[in-house]
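This report describes one helix pair, one further helix and the overall make-up of a second chain.

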Amino acid sequence: MSDTLSVLAVALVCVTTVVVGGLGLRLSRRTSDFYVAGRTVSPRLNASAISGEYLSAASFLGVAGLIYDQGVDLLWLPVGYTLGYLVLLVMVAAPMRRSGAYTLPDFAEARLGSVLVRRLAAVLVVAIGWMYLVPQFQGAALALALVTGAPQWVGSLLVAVVVAVAVGAGGMRSITFVQAMQYWIKLTCLAVPAFVLLALWMRSGGGVPTVREGWWEPFAARSPDDHPYYRTFSMMLALCLGTMGLPHVLVRFYTNPDGVAARRTTVSVVALLGVFYLWPPVYAVLGRLHLPSLPEGVRSDTIVIQLPGRVVDGVGGDVLTAMLAGGAFAALLSTASGLAMSVTGVLHQEFLRPRLARLTGGDAFGFGGFRLAAVGAVVVPFVVARFVEQIGIATTVGFAFSLAAATFAPLLILGVWWRRLSRAGAVAGLIFGSVASTAAAVTTYFGGPLGGWGEALLANPAAWCTPLAFASAVVVSLATPGSVPRDTGRLMVRLHTPERVHLARSRVPD
Amino acid sequence: MSPTFHVPTAVVVAGAMVLLGLGLWAAGRGRRRGFLSTVDRVTYSTLHTASLASRHLADGLTPESASAAGKHLLAILGATSVAVCDSAGLLSWTGPGDHHAGEAHDHAAATRTSGAPTVLGSDVITCADPDCPIRAAVTAPLLADEKVVGTLTAYAPTASAGLARATGELARWVSAELDVAELGRARTRAMEAELRALRAQISPHFIYNSLGAIASFVRTDPERARELLLEFADFTRYALRQGGPFTTLAEELRNVERYLVLEQARFGERLQVSLLVAPEVLPVRVPYLAVQPLVENAVRHGLASKEGVGHVTITASDQGSEAEISVDDDGVGASPESVQRILDGQSRADSVGLGNVDARLRQVYGDEFGLVVETAVGAGTKVSFRVPKYAPGVHSD
């Protein structure tokens with residue numbers, strides 16, 4: 001019974017995504033009531049779309065699981081996920097929109113006029129996108145296996161296929177509507193069961209979970225070797241600065257008509273994310289109460305989906321479980337399709353189109369190359385997700401954030417606010433940041449436990465990788481004033497002048 | 001199935017692959033070297049240096065371009081120093097002995113007036129410093145359009161015949177590069193002129209017909225006539241505006257909308273219009289007046305000569321990093337050959353700027369972004385184009 005309902009819910013989410021994605025364009029009008037200005041995407045709609053795309057399986061399943069496992073210390077995670085948008089709002093939202101860049105490589109080229117920086121940025125976008133996609137596929141496998149008992153690969157394959165079809169079929173024609181809808185699906189699917197569970201908890205007279213010592217403390221050491229303050233600080237830094245470097249976030253800001261709308265959108269995003277993150281802790285605490293221990297081999301990521309079945313008997317529990325499964329799938333699908341879309345765009349534009357054009361003698365326009373890129377964008381992380389041992393969803397996402405914070409944050413912040421950033425400096429920042437944080441991730445993943453500070457530094461690399469990247473970018477820029485782009489001044493004026501100010505087109509008399 | 005992943009094995013295999021790759025690469029490199037004779041290698045390196053210099057010369061003759069190209073020119077000549085001057089003064093000095101930089105413009109004076117190469121010996125070029133290697137100069141003219149626009153002076157301890165010859169040849173090559181740069185600028189100017197021409201080219205038929213239609217409402221429906229006149233004023237203001245060559249798709253579509261309101265006043269129910277616009281692409285920048293001529297073409301050639309109701313569909317869709325805009329009509333169509341002639345600019349038929357829009361799109365975004373026309377006689381016409389959401393140098397302000 002539970003299986004059938006859950007499968008139905010998952011199928012419903014998948015079908016809605018594809019159908020609304022394909023048909024959104026059909027909302028047409030006749031000239032008599034057509035006003036273009038009224039049809040630009042409003043900041044609020046766009047904010048829903050950004051939130052919908054941003055709230056991934058890591059938020060829907062992972063946060064509750066981590067808090068359940070390791071205590072309220074992990075509440076820092078949702079704080080950081082939201083704070084990232086505050087930094088984005090203050091530092092880059094409006095100037096970024098005014099730059100006219102659609103992707104991060106575009107910004108690199110607009111700001112520095114260098115093909116090398118553009119290429120590096122493109123490679124990093126693909127790397128971060130894939131890194132972020134792997135846990136989405138793993139989360140899909142987890143969620144579907146749990147609610148239906150299907151083999152692990154079925155869930156990953158389902159998400160991979162739906163995403164590839166949706167992206168390849170026409171680039172998700174009305175992606176803004178789809179993603180905005182996904183946000184409200186996710187919020188409903190998470191909040192309604194939470195309300196029911198809370199009501200039942202109140203009726204049964206409350207009850208406080210028995211937890212191990214330190215579970216309720218904000219900075220609790222998990223082991224003698226743990227450095228809670230460093231770990232938290234590094235994680236917060238990664239989340240604060242990493243958000244602006246996520247490829248699927250920036251793309252959505254392009255839809256804003258101007259810088260002011262970009263700022264308004266960001267404020268709404270912070271509010272929407274705040275509302276969403278109220279709920280995962282509810283599941284974690286109630287999970288501790290009703291499921292004091294998980295059976296061997298069951299991951300804490302599953303706590304959200306397991307909880308209703310444990311608390312509510314009969315059909316009620318099945319319906320709530322199905323809702324959560326559907327919501328988890330919505331989370332997976334929206335994030336995965338947004339990421340796949342960005343990765344596909346970069347793969348196509350930077351790597352595939354030039355090659356195809358050469359192969360076919362400059363005759364390679366059309367949509368074939370884009371479809372090929374869409375398949376590539378999905379297949380690689382799918383294969384990696386299948387053959388790499390599963391680590392916690394939030395951990396992999398954490399590394400993606402660290403990499404973004406150590407590479408794109410210096411490029412964007414210095415690019416927007418520092419006139420003396422040179423091409424060589426930007427290249428140095430990107431290379432130092434990416435090599436350092438990749439090395440840390442690889443050592444943590446493949447190397448054995450190091451213990452002590454070494455392990456702490458490698459497990460949370462953002463606190464030293466990001467300053468390293470900033471420092472190398474600044475030092476190299478100061479050392480190579482010759483490679484500062486010539487029209488930096490003019491570009492800076494364009495990035496920072498509000499649209500309502502009309503710059504006088506004055507000309508220096510000859 | 002449970003994947004087994006033995007880390008040490010994987011590391012060893014990956015390491016071996018990397019070593020093998022490096023080895024093959026090094027071997028390939030070594031062999032490629034071996035096929036070249038010394039003469040070949042010198043030729044290639046000279047050509048390479050020349051190509052580096054030509055990249056800078058594409059900007060024309062400016063202090064920046066001259067000093068950037070100077071070091072490559074010096075490498076080709078093998079002289080001690082190189083000076084580039086234009087008619088007003090020194091543009092760049094490359095190499096040692098820059099205390100002579102102030103005199104370089106005077107050294108070139110004879111060449112500037114005569115247009116012939118000159119050789120100056122140590123009798124003219126004097127220096128208090130006994131170690132200074134600058135004792136002789138060879139000056140050759142840089143010509144553009146048969147006129148002397150600058151000079152190239154090579155300084156060396158002695159003026160050999162070889163240096164004189166090399167300087168002359170190099171100056172001729174630089175002149176050719178400057179001509180190419182001038183050609184590029186001329187093409188840009190022509191494109192700008194063409195854009196200005198298109199701007200003024202609101203078709204007279206349209207003005208005449210609109211005013212006629214408005215006049216017919218003045219008595220029967222003065223309120224509507226007033227609205228139409230205001231639309232007409234806004235339309236002309238947009239079409240004749242002064243400003244950058246780009247605008248947003250939203251602005252462009254708003255102008256199309258004004259245009260269609262005026263056309264509907266004339267055609268009434270005969271003209272049916274649908275717009276299918278994905279809101280995501282409205283902020284995309286497009287060349288100014290890129291869509292309106294296509295719509296005008298659809299209305300005039302697709303519908304005006306047809307009996308009964310005609311439909312025009314304007315679609316703007318999101319395609320990832322690009323946006324596609326297409327204008328569809330179910331009118332009389334045209335033969336592909338005649339459309340080909342219009343796009344090639346061979347036909348002077350009143351095609352309302354199709355060829356111009358095509359040329360501007362290609363110039364801004366590259367050849368793969370031109371107009372795509374799908375048509376046949378009696379089968380309607382579909383004109384579409386794609387624009388990348390971001391292209392370097394394209395911004396509306």
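In this predicted model, the residues A:P43, A:R44, A:N46, A:A47, A:S48, A:I50 and A:S51 of helix α3(A) are in contact with A:A261, A:R264, A:T265, A:S268, A:V269, A:L272 and A:L273 of helix α13(A). By character, the residues of this contact of α3(A) with α13(A) comprise seven that are nonpolar, five that are polar and two that are charged.

Two packed helices are described by the angle between their axes and the distance between the axes. For α3(A), residues 43-54, and α13(A), residues 259-276, the angle is about 50° and the axes lie 8 Å apart. The two helices α3(A) and α13(A) are therefore oblique to each other, and their crossing is right-handed.

Elsewhere in chain A, helix α11(A) covers residues 228-242; at 1.5 Å a residue its 15 residues should span 21 Å, and because its end C-alpha atoms are 20 Å apart, the expected span and the model agree. The buried residues of α11(A) include A:T232, A:S234 and A:M235, and also the run formed by A:L237, A:A238, A:L239, A:C240, A:L241 and A:G242.

For chain B, the following table collects values that refer to the chain as a whole.

| Property of chain B | Value |
|---|---|
| Helices | 12 helices |
| Strands | 12 strands |
| Buried residues | 39% of the 397 residues |

Where contacts in chain B link residues at least 6 apart in sequence, 63% of these contacts join residues at least 24 apart.

How values were computed
Residues are numbered from 1 along each chain as its sequence is written. Chains are lettered from A and ligands numbered from 1 in the order in which they are written. This is a predicted model: local features need pLDDT of at least 70, side-chain atom pairs count only at pLDDT 80 or more; totals for chains, interfaces and linings use all residues. Axes are lines fitted to C-alpha atoms, for helices over the stretch in contact, and angles run from 0 to 180 degrees between N-to-C directions. Helices (H or I, at least four residues) and strands (E, at least two) are DSSP runs, numbered from the N terminus. Angles under 35 degrees count as roughly parallel, over 145 as roughly antiparallel, 65 to 115 as roughly perpendicular and the rest as oblique. A crossing is left-handed if the near helix is turned anticlockwise from the far one by less than a right angle, and right-handed if clockwise. Two residues are in contact if their C-beta atoms, placed from the backbone, lie within 7 Å. Ala, Val, Leu, Ile, Met, Phe, Trp, Tyr, Cys and Pro count as nonpolar, Asp, Glu, Lys and Arg as charged, and the others, Gly among them, as polar. The expected span of a helix is 1.5 Å times one less than its number of residues. A residue is buried if 20 or more other C-beta atoms lie within 10 Å of its own, exposed if 12 or fewer, and partly exposed in between; C-beta atoms are placed from the backbone.
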